[in-house]
Amino acid sequence: MDELAERYTAVLNRINNAAQRAGRNPGGITLVAVTKTWPDAVSLAAYEVGMRNFGENHPEELARKAKAVTTELGADSGIIWHQIGPVQSRKTKLVAQYADVLHALDRLKIANRLSRQLADAGKILPVFLEVNLSGEASKAGFLCTNWEEDATQQAELRKVVDTVTNLPSLSLYGLMTMAPWRVEETIIRTIFRRTRLLAEWLEQTMPSIQAPLHLSMGMTDDFEIAIEEGATHVRVGRAIFGERDYSN
Ligand SMILES: *Cc1c(COP(=O)(O)O)cnc(C)c1O
């Protein structure tokens with residue numbers, strides 16, 4: 001418990017420092033604690049030391065933890081559950097039921113299914129559109145590798161934005177991106193900066209958007225760079241909880 005509190009405090013301090021360097025208010029930055037692969041008890045321990053925003057990659061795991069934690073703490077715990085990984089069609093129902101925010105909307109088919117299921121549940125879900133600026137094939141997201149020049153990419157993204165803003169049970173909350181792994185800092189920084197400029201371009205050219213768009217970007221290895229470039233949501237796992245053990 002003490003070690004978890006220390007790691008959490010250290011990450012909060014790093015967020016504050018990065019915000020200060022960028023002349024930003026640290027209060028405008030949400031730390032999403034990524035608990036994927038850890039047992040339910042770790043979410044409860046994280047709650048004890050003050051964390052309230054939890055991120056999970058897989059809808060089943062999010063549903064399992066949301067149920068277990070709600071049983072333990074009650075429905076008014078103040079926890080916000082973030083689905084941070086892309087969602088497959090057959091998992092949308094779990095997201096509609098258990099997630100409070102979706103960070104990785106990457107297909108219109110998923111948007112349509114989710115909106116129908118959310119309407120049945122009487123919920124509105126804030127969503128980030130995942131955008132792929134690096135071009136890495138392993139990354140999900142709408143292709144925006146050359147959005148500044150490529151009229152086709154622009155038109156496709158605008159169509160997505162139009163569709164999502166017109167769906168009754170989704171609310172377009174922002175853009176999410178992932179930087180490539182193991183590349184120079186300048187490359188990572190450029191990806192984050194271009195994502196912010198993309199959000200600004202959408203805000204300026206699409207009146208249907210409720211500005212400001214939020215920016216979900218930055219993980220353990222790059223969250224400070226992301227904050228310097230405008231991130232409003234950082235998704236941090238290992239810096240808080242340690243290395244994951246996928247054999248669990
Ligand atoms: C696992 C994961 C994270 C957190 O990664 P860390 O390197 O542990 O901070 C953030 N975002 C997504 C989408 C993830 O899958």
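The 28 positive and 31 negative charges of the chain have mean positions that lie 5 Å apart, where Lys and Arg are counted as positive, Asp and Glu as negative, and His and the chain ends are left uncounted. Each charge is placed at NZ of Lys, CZ of Arg, CG of Asp or CD of Glu.

The model is predicted, so that local features need pLDDT of at least 70 and side-chain atom pairs count only at pLDDT 80 or more, while totals for chains, interfaces and linings use all residues. Residues are numbered from 1 along each chain as its sequence is written, and side-chain values use heavy atoms, with hydrogens and water left out.

Nine helices and nine strands make up the secondary structure of the chain; these are DSSP runs numbered from the N terminus, with helices (H or I) of at least four residues and strands (E) of at least two. The radius of gyration of the chain is 18 Å, which agrees with the value near 18 Å that a compact globule of 248 residues would have; the radius is taken over C-alpha atoms, and the globule rule is 2.2 Å times the number of residues to the power 0.38. Along the principal axes, the C-alpha atoms fill a box of roughly 50 × 45 × 35 Å.

Among contacts in the chain with a separation of 6 or more, 63% are between residues 24 or more positions apart, contact meaning heavy atoms within 4.5 Å. Of the 248 residues, 50% count as buried, where buried means under 20% relative accessible area, exposed over 50%, and partly exposed in between (1.4 Å probe, protein chains only).

Two residues other than glycine with positive phi are set side by side below.

| Residue | Phi | Loop | Relative accessible area |
|---|---|---|---|
| Threonine 37 | about 75° | between strand E1 (30-34) and helix H2 (40-48) | 18%, buried |
| Arginine 182 | near 50° | between strand E7 (170-176) and H7 | 84%, exposed |

A further backbone feature is the cis peptide bond that joins alanine 211 and proline 212, with omega of about -5°; proline 212 is located in the loop between helix H7 (185-205) and strand E8 (214-216).

Aspartate 106 sits in the loop between strand E4 (101-105) and helix H5 (108-121), and it counts as buried because its relative accessibility is 14%. When neighbours within four places in sequence are left aside, aspartate 106 is in contact with Pro86, Ala140, Gly141 and Phe142.
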